[in-house]
Amino acid sequence: MDQLPSRSKNLLLRLYGSEDDKLSGKDRDKIIEGHVSGCSESAQDFPVDAEWVNSQPLAIHGNLRGQYVLLDFFTYCCINCMHILPALHALEQDLKDKGLVVVGVHSGKFENEKNASNIKNAVSRYKITHPVLNDGGYEMWNSYQIVCWPTLVLISPEGKLLLVSIGESDVSKVVEFVKDVVRIAPARSSSSETLTQEQSCLPGESLLSFPGKVHYHANTGSLYIADTANNRILQVNAIGEVLNRYPSDNDRSTILDSPQGLLVYDGMLFVCDTNNHRVVQFHLESGECSVVCGTGVQGQDLEGGKSGLEQEISSPWDLEVVPLEGLPGCQGTLLLIAMAGTHQIWGYALTDVSLTFRGKSTSHRSGETWRLAGNGTEANKNNSYPHNASFAQPSGLSYDGDKTVYIADSESSTIRALELPSFSVKNVVGGGLDPSNLFAFGDADGKGTNAKLQHPIGVACTEAGSAVVADSYNHKLKHLKSRVLSTLDHVTGLSEPSGLSYDKFSERLFIADANNHCVKILTPGEGVRELKLSDKKRRAKLVPSSFVDFMSGPVKVRLVLSNKLNKDGPSSVKITCNGSCKSEVESIELTGEPVLEIPLKMSGNRGAVDLLLTLYTCSEEGSCFMDKYTHRINLTRDTENISDTSLEITMNYAI
């Protein structure tokens with residue numbers, strides 16, 4: 001076993017190496033036959049008391065005898081492990097009746113990943129259909145002398161070790177080898193004769209399936225949800241009604257695969273189409289989709305510099321917009337991309353962009369995509385030179401609006417900072433002092449590296465220098481300020497929270513609670529509640545938000561309607577205040593003119609008023625209607641205005 005990994009790598013290179021040295025079919029078959037006949041080491045069998053997902057208990061020297069077995073040693077947090085799953089699935093389909101059994105051996109890196117329920121969730125999320133063994137005690141890992149994830153091990157029908165391949169770089173060669181071996185020396189039995197699958201966990205009646213990220217957009221008063229396992233984005237209003245899907249049900253040409261990070265900018269919805277290795281954008285009104293960057297195939301490029309479809313990328317996981325105006329030596333607007341697949345932070349020029357790194361100026365044309373920080377090595381290395389820094393699967397981004405972009409660097413279990421305008425990389429909390437140590441995880445409050453996290457995936461800034469962290473594998477939220485991390489003890493019941501979005505007006509935090517298949521809302525003073533989603537054909541219409549400078553007093557709202565208000569109908573407005581504003585009434589009946597007066601008080605700098613209007617109207621022709629609308633009034637305290645203020649807001653409703 002000691003020499004088999006190096007022998008296997010040399011064998012794969014000889015068989016499927018460069019085109020210049022490609023062997024003929026007969027020569028290749030002869031080498032494979034000689035290799036197989038020379039393999040005499042027996043494979044270690046599975047522990048008899050092991051936990052299984054998707055299968056009854058299996059035995060290499062028992063009910064799998066006579067078949068080829070391909071072991072995939074993986075841990076479900078690992079992006080490299082995710083990268084090879086499509087190739088394994090395709091191989092299973094090609095050889096499903098020819099005696100190949102793929103078995104996932106889940107040797108979890110994190111403590112959270114050793115829990116059978118969490119493994120079952122991951123198997124369902126990744127749509128893994130082959131048997132998976134929970135190797136939480138590392139019994140298989142140690143007996144096979146595995147050193148990293150992923151590792152593939154091929155076992156013959158006689159139970160002999162044939163091949164060991166470490167990492168993801170040779171997976172295509174492994175696939176070719178398995179196909180050739182099965183063709184040259186067919187298995188003696190079919191996998192369908194021995195395997196019976198169990199149903200992995202599903203989201204039940206929820207509209208969502210493992211939601212990965214969320215984005216609240218104040219201008220529209222909408223929440224956008226990455227419904228990751230359902231391969232779609234949902235736009236919902238303040239009361240949880242689904243307004244739009246991206247792609248729409250009528251769009252047969254756009255297919256997302258495990259979308260993650262998303263945001264709205266300049267009338268466009270940008271989305272990380274993660275498993276398709278691209279970033280796409282949807283026009284908010286038309287729903288039309290176009291590719292921002294990425295070829296649709298996993299890229300290996302660590303530098304970038306190309307535009308649009310020409311630039312290959314790898315597993316983009318989150319997005320953030322950074323306006324550069326006002327930063328010394330910088331101009332333009334930058335879209336940051338957490339490139340989890342290459343362990344880097346990339347930039348996309350939304351406009352022509354100029355940057356200055358330590359006195360050296362660079363320019364990037366609109367549409368260009370390039371590496372901003374990270375050398376591509378998976379590590380926890382901070383550096384004042386961004387190209388010399390190293391990340392470990394960055395999965396969350398949030399800009400504090402000042403000079404800091406916070407990065408949830410999941411595999412190093414840290415929150416890192418990209419400091420503007422130098423783009424230097426610094427530790428904020430978590431991890432350890434050794435850059436190569438990606439096992440410095442835990443669950444501890446504290447400052448700097450004394451604080452511990454376990455695979456954080458999301459982060460959301462609440463103000464300059466302050467953020468909330470989704471400590472995903474500890475199933476917690478933690479507050480971060482001045483490099484001090486503290487657990488939000490009153491937030492409970494989460495299961496691998498993975499995405500956060502903060503609404504500064506209402507002071508509410510939206511949480512993608514992945515394994516609970518829902519979105520939750522954390523409201524100051526009220527705790528956490530689930531946002532109940534509904535998908536009705538008849539739903540409230542969304543009216544774009546209003547932004548008002550305000551201090552206190554009544555807000556007068558006049559409704560401009562294309563029909564007349566029916567004075568006999570029970571028209572009403574339900575009022576919900578969040579943030580630092582308070583209303584003395586919860587609802588108002590409209591019995592006369594379409595005017596309402598909301599008595600408000602402001603105790604802080606920002607507030608939000610959500611209106612749910614139920615309106616009964618009649619046209620001049622005598623046709624009558626009942627419609628519902630939602631509208632958000634975002635309030636900012638006017639510090640120069642010391643007297644009470646009455647404001648009139650005109651909202652145009654097209655009925």
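Start at the hairpin made by β29 and β30: two residues separate the strands, and Ser482 in the turn has a positive phi of about 55°. Keep in mind that you're looking at a predicted model. Select strand β30 (residues 484–487) together with β29 and you'll see an antiparallel pairing over four bridges. For one of those rungs, pick Leu480, whose bridge partner in β30 is Leu485.

Now step back along the chain to strand β28 (residues 466–471), which runs antiparallel to strand β29 (residues 476–481) and is joined to it by six bridges. Click Val468 and look across: His479 in β29 stands opposite. These two strands also make a hairpin, with four residues in between, and His475 in that turn has a positive phi of about 60°.

Time for some rings. A search of the whole structure turns up eleven aromatic pairs. Select Tyr216 and Phe510 for a stacked one, with 5.2 Å centre to centre and 5° between the planes. This pair ties together distant parts of the chain, since Tyr216 belongs to strand β7 (residues 214–217) and Phe510 to strand β32 (residues 508–513), 294 residues apart. Are these two buried or exposed? Both Tyr216 and Phe510 are buried.

Next, show Tyr246 and Phe282. Their ring centres are 5.6 Å apart and the planes meet at 50°, so this pair counts as tilted. Here too distant parts of the chain are linked: Tyr246 is in strand β10 (residues 242–246) and Phe282 in strand β13 (residues 278–283), 36 residues apart. Tyr246 has 2% relative accessibility, so it counts as buried; Phe282, at 0%, counts as buried as well.

For a group of rings, select Tyr76, Phe110, Phe441 and Tyr473, which ring pairs link into a cluster.

Two charges over rings are worth a stop. The charged end of Lys109 sits over the Phe439 ring, 5.2 Å from its centre. Then find Arg125, which lies over the face of Tyr126 at 5.7 Å from the ring centre.

Finish in the interior. The largest nonpolar core has 40 residues, and Phe46, Leu71, Phe73, Tyr144, Val153 and Ile155 have the most contacts inside it. Colour strand β2 (residues 68–74) too: it supplies the largest share of this core, four residues. Centre on Val153 and, leaving out residues up to four places away in sequence, you'll find it touching a set of neighbours that includes Val69, Leu70, Ile146, Leu161, Leu163 and Val164. Last stop: a second, separate core of 27 residues, with Leu11, Ile32, Cys39 and Leu100 among them.

Conventions. Residues are numbered from 1 along each chain as its sequence is written. This is a predicted model: local features need pLDDT of at least 70, side-chain atom pairs count only at pLDDT 80 or more; totals for chains, interfaces and linings use all residues. Side-chain values use heavy atoms; hydrogens and water are left out. Rings of Phe, Tyr and Trp (its six-membered ring) pair if their centres lie within 6.5 Å; planes under 30 degrees apart count as stacked, over 60 as edge-to-face and the rest as tilted. Buried means under 20% relative accessible area, exposed over 50%, partly exposed in between (1.4 Å probe, protein chains only). A charge sits over a ring if NZ of Lys or CZ of Arg is within 6 Å of the ring centre and within 35 degrees of the ring normal. A nonpolar core is a set of buried Ala, Val, Leu, Ile, Met, Phe, Trp, Tyr and Cys residues joined through side-chain atoms within 4.5 Å. Contact means heavy atoms within 4.5 Å. Two strands pair if DSSP finds at least two bridges between them.
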